[in-house]
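Could you bring up the model in your viewer and switch to a cartoon view? We will go from stop to stop, selecting a few residues each time.

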Amino acid sequence: LAPSFVPSPAAAGLAMLKLAELRAGETLVDLGCGDGRLLKLAVTDFNASSAIGYEMDPGLANTARSICGFDSRITIHERDAFEAEPSLATADVVALYLTESGNTKLLPMLRRALTKPGARVVSYVWGLGKDVPPTSTARLAGEGVVLAIGQPNILRWDRTDLHCPRTVAA
C-alpha cells in the first residue's frame, strides 16, 4: 500500500486537517500513521476527541507511541490498514498518505465502512483513482513538500462522493 516511510512535512499535516475541516470532538483515523505526528496534531491543535492510527511497521508504530506519549485520546494499532474497518464506522475524518494504488485498494473498504454522515477522507499527494475525483483540493508548496506538477497535493472527498463517480469539468 505504501512505499518506504517518507515523513510528510508538518505543513502538509496541518493543511490536510484544515482541508478536512476536522472539528473539536471529532474522530480521526489515519491509515498508515507512520510516526504518529498527524494523530498528535489532531488532538492537540484541533481538539479531536480521538485519533486512531494504523501502522504495520513495528518500529514506526513504536516511534508513533513515543511521539504521541501517553494521551488517552490517541490509539495506535500495529496492524495493516485493511484491518481498520471497525474504526472507520466511528471516523469523521480518514487520513491517507500511501500511494495511488494503495488508496485505490482501500476504496472498497472506505465505501463500505465509512458510514458516519458528514465523514470525509483526506489524502496527501495521491488520489483514489481516476473515477473518483476529489470533492475539493488545496495546493501546498514549500520545503520538503511533494508536488505533482500542475496538480493539487492535498485532496478531500466527502463520504457521499466516494460512492458517486463524477466527471471533472474541463
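Helices here are DSSP runs of H or I with at least four residues, numbered from the N terminus. With that in hand, please keep in mind that this is a predicted model.

**Stop 1: the sheet**

Colour the strands and look at how they line up. They form an open sheet of seven strands in the order β3-β2-β1-β4-β5-β7-β6, and the pairing is mixed. Which strands stand at the edges? They are β3 and β6; each has a single partner strand, so one side of each is left without a neighbour in the sheet. On average, neighbouring strands of this sheet are turned by 15° against each other, direction ignored.

Now zoom in on β1 and β2. These two run parallel and are joined by five bridges. To see one pair of residues, select L31, which stands opposite Y54 in β2.

**Stop 2: strand β5**

Select residues 120-124, which make up β5. How much of this strand is buried? Five of its five residues are. Show the side chains: R120, V122 and Y124 point one way, while V121 and S123 point the other way.

Next, add the partners of β5. With β4 (residues 93-96), β5 pairs in the parallel sense over four bridges, and V94 stands opposite V121. With β7 (residues 154-158), β5 pairs in the antiparallel sense over five bridges. Here Y124 has I154 in β7 as its bridge partner.

Then show residues 100-113, helix α5. Together, β4, α5 and β5 make a right-handed β-α-β unit.

**Stop 3: helix α2**

Move to residues 37-45, which are α2. This helix lies across β1, β2, β3 and β4, and runs at about 175° to β2. Which residues of α2 are buried? Select L38, L39, L41, A42 and V43. These buried residues pack against α1, β1, β2, α3, β3 and β4.

Keep L39 highlighted and show what surrounds this residue. Apart from its neighbours within four places in sequence, L39 is in contact with L28, D30, C33, A51, I52, G53, C68, I74 and I76.

Just after α2 comes N47, whose phi is positive, near 55°. Hold on to that value for the last stop.

**Stop 4: the nonpolar cores**

As background, nonpolar side chains in soluble globular proteins tend to be buried together. In this model, the largest nonpolar core has 29 residues, and L17, L28, L39, I76 and I154 touch the most other members. Select those five to get your bearings. At least two residues of this core come from each of α1, α2, α3, β3, β4 and β5. The largest share, six residues, is supplied by α1.

A second, separate core holds 24 residues, including V29, L31, I52 and A119. You can colour these four in a contrasting shade.

**Stop 5: D92**

Go to the loop between α4 (85-88) and β4, where D92 lies. Buried or exposed? D92 is buried, with a relative accessible area of 7%. Draw a distance between the C-alpha atoms of D92 and T27: they are separated by 5.3 Å, although the two residues are 65 residues apart along the chain.

Now show what touches D92. Leaving aside its neighbours within four places in sequence, D92 is in contact with E26, T27, K116, G118, A119 and R120. Among these, K116 deserves a side-chain view: its side chain makes a polar contact with the side chain of D92 at 3.3 Å.

**Stop 6: positive phi values**

Most residues other than glycine have a negative phi. Begin with E21, in the loop between α1 (10-20) and β1 (27-31). E21 is not a glycine, yet its phi is positive, about 55°. This residue is partly exposed, with a relative accessible area of 43%.

Finish at V125, in the loop between β5 and β6 (136-138). Its phi is near 80°, again a positive value in a residue other than glycine. V125 is buried, with a relative accessible area of 12%. Before you leave, reselect N47 after α2, where phi is positive too.

Note on methods. Residues numbered from 1 in each chain as written. Predicted model: local features only at pLDDT ≥ 70, side-chain atom pairs only at ≥ 80, totals over all residues. Heavy atoms only, no water. Buried < 20%, exposed > 50% of the residue type's maximum accessible area, 1.4 Å probe, protein only. Pairing = 2+ DSSP bridges. Right-handed = clockwise from strand over helix to strand, strands pointing away. Core = buried A, V, L, I, M, F, W, Y, C linked by side-chain atoms within 4.5 Å. Contact = heavy atoms within 4.5 Å. Axes fitted to C-alpha atoms, helices over the stretch in contact; angles between N-to-C directions. Polar contact = N/O pair within 3.5 Å; in protein donor to acceptor, adjacent residues only side chain to side chain.
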